[in-house]
Amino acid sequence: MSGGALSDWLQQGLDRASDQPLYRQLRDLLLQAVMQGRLPAGAKMPSSRVLARELGIGRNTVTEVYETLIAEGCLHGRGGSGTYVADLAGDRMPEPEVAASVESEAPPALSQRGKLLREGAGFSPHQWGAFMPGVPDVSEFPAQVWGRLLSRAWRRPPPERMTYAPPGGLLELRAAIAAHLRDARSLNCAPEQVVITTGSHQSVDLAARMLLDPGDCVWLEDPCYWGLRSGLQSLDLDLRAAPVDGEGLNCALAEHLPPPRMVIVTPSHQYPLGSVMSLARRQTLLERARRWGAVIVEDDYDSEFRYGTRPIPCLQGLDRGGRVLYVGSFSKTLFPGLRVGYLVAPPALAEALADGSAELYREGQQITQAVLADFIREGHFSAHIRRMRGLYGSRRQILRDAIEKEFGGALQASGDNAGLHLILRLPDGADDRRIAAEILAAGLSTRPLSRYFADSRTAPSGLLLGYAGVKEEAIGPAFSRLAKVLRRHLVL
């Protein structure tokens with residue numbers, strides 16, 4: 001390739017609008033030309049002055065690129081003579097035509113773990129609107145207050161807050177969360193027991209990775225959140241479905257299962273059914289965990305939003321043996337995109353779990369954590385919860401009234417004494433997955449109840465309807481559209 005041809009080829013490859021520096025682009029293009037044989041061994045390179053002029057870039061840039069390629073062994077200089085292409089006969093890259101033939105081969109295959117995770121995926125491309133369950137009304141978030149606190153935090157941030165977070169997260173946030181949980185949920189905890197995570201998923205993943213070995217038995221509520229099951233399946237654990245009834249997880253009905261090393265429960269508001277674990281069941285589970293040598297992961301899902309009853313004290317507050325790991329997040333109380341959660345560990349495990357989190361996930365976001373700490377300490381969090389509890393309670397009732405208007409007593413709603421959704425029970429034999437797919441095609445969102453059971457073939461049929469993210473005036477019309485889909489499938 002002559003000097004002029006080289007300049008033309010480089011001009012076509014340089015993207016002056018790119019964020020990548022011209023130095024890096026020029027180095028990569030010249031390396032490509034050498035490795036593919038466009039510039040043969042022994043060819044003399046244009047002088048840095050000439051190439052810089054032809055490309056319209058600084059001579060220092062070209063000089064630096066030449067020096068880099070010489071250091072990498074792609075070029076070599078001859079004193080007083082110029083710069084030449086080195087002989088890299090054994091290191092040549094195939095020409096593009098040859099490389100193209102490789103693209104027709106089969107791509108790398110997913111692992112069995114990857115296939116299982118993807119096949120079991122239940123995430124939705126729609127995360128907002130009627131009637132997406134588990135999503136708060138983010139438009140009601142006090143963004144101005146948050147923005148003011150964020151601006152204050154960025155005014156003069158200490159350097160240490162702009163690097164990786166310390167093990168366990170920012171101490172100020174850990175202290176604010178501990179104080180809130182002691183007051184609102186009757187937890188027994190100190191700031192050092194709180195480990196900041198990105199949410200419940202990561203909290204459970206951390207607990208499983210640090211406390212379980214492949215093949216260990218884990219009891220999951222049946223039904224349970226599909227994302228929990230999918231995540232744990234990828235860790236090669238022995239997952240067992242423990243039945244749930246109106247009083248929560250029933251240890252008596254799970255006697256046939258192997259003793260677990262970990263039990264994961266949602267006692268304050270079982271997800272998705274909405275049942276509350278009775279005090280007797282809680283005490284039984286704690287006693288069994290002591291006998292098994294197991295730990296209990298308590299996911300306090302939606303406990304802040306209860307309608308007509310006081311919040312129920314958590315399982316962790318009853319624990320005297322240090323066997324309960326308490327999990328929570330701000331995804332429902334503030335907004336999902338915040339991606340801040342926490343795990344409250346027993347004192348004997350707290351330091352190890354904090355260290356494990358730092359090693360596994362290498363957390364940061366200390367500025368965000370500092371803002372959240374201020375948001376909690378200054379009372380904005382509690383005020384927001386109180387306001388949203390009233391708003392969601394009103395929307396819950398409007399949805400109940402819409403169900404009554406459309407179907408009378410033919411279809412029953414349940415599981416809405418707390419949280420952000422209710423369950424619309426469907427007649428036996430109704431294909432809730434097919435119905436949910438048609439509802440989605442109609443521009444609405446819901447979740448089929450059978451999707452949450454370990455065996456969907458024997459699962460009851462129903463739909464999870466979220467009401468929190470739907471404005472009051474939109475609930476009735478939206479449910480009327482949903483009812484039209486239901487009538488095509490149900491004989492009532």
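A cavity is a set of points where a 1.4 Å probe fits but cannot get out. In this predicted model, there is one such space of 30 Å³ or more, and the largest cavity holds about 30 Å³. Its walls are made by Ile177, His180, Leu181, Glu304, Ser329, Phe330, Tyr342 and Phe381. Helix H8, which runs over residues 171–185, gives the largest share of that lining, with three residues. Sorted by class, the lining has five nonpolar residues, two polar ones and one charged one.

Next come the pockets. The largest pocket takes in about 1,100 Å³ of space. A set of 46 residues lines this pocket, and Ser200, His201, Tyr225, Tyr301 and Lys332 are the ones that lie nearest its centre. Several elements pitch in: helix H9 (200–211), helix H10 (226–233), strand E7 (262–265) and strand E9 (324–329) each supply at least two lining residues. The largest share, six residues, comes from H10. As for chemistry, the lining of the largest pocket splits into 21 nonpolar, 16 polar and nine charged residues.

Then there are the nonpolar cores. The largest one has 64 residues, and Phe131, Phe330, Phe479 and Leu486 are those with the most contacts inside it. Helix H14 (residues 380–407) brings nine residues to this core, the largest share. Phe330 turns up twice in this account: it belongs to the lining of the largest cavity, and it is also listed among the residues with the most contacts in the largest core.

Phe479 is worth a look on its own. Setting aside residues up to four places away in sequence, Phe479 touches Phe131, Leu399, Ala402, Ile403, Glu406, Phe407, Leu424 and Leu465. One of these partners, Phe131, is itself among the residues with the most contacts inside the largest core. A second core, separate from the largest one, is made of 25 residues, including Leu29, Val34, Leu39 and Val65.

Val65 also leads to a charged residue, Arg27, which sits in helix H2 (residues 22–35). Is Arg27 buried or exposed? With a relative accessible area of 13%, Arg27 counts as buried, because buried means under 20%. Apart from neighbours within four places in sequence, Arg27 is in contact with Val65, Thr68, Leu69 and Glu72. Val65, one of those contacts, is the residue already met in the second core.

Technical notes:
Residues numbered from 1 in each chain as written. Predicted model: local features only at pLDDT ≥ 70, side-chain atom pairs only at ≥ 80, totals over all residues. Heavy atoms only, no water. 1 Å grid on protein atoms, 1.4 Å probe; cavity = no way out; pocket = protein on both sides within 12 Å on 5 of 7 lines; lining within 4 Å. Points joined across faces, edges and corners; volume = space filled by probe spheres on them. Helix = DSSP H or I, 4+ residues; strand = E, 2+ residues; numbered from the N terminus. Nonpolar A, V, L, I, M, F, W, Y, C, P; charged D, E, K, R; others polar. Core = buried A, V, L, I, M, F, W, Y, C linked by side-chain atoms within 4.5 Å. Buried < 20%, exposed > 50% of the residue type's maximum accessible area, 1.4 Å probe, protein only. Contact = heavy atoms within 4.5 Å.
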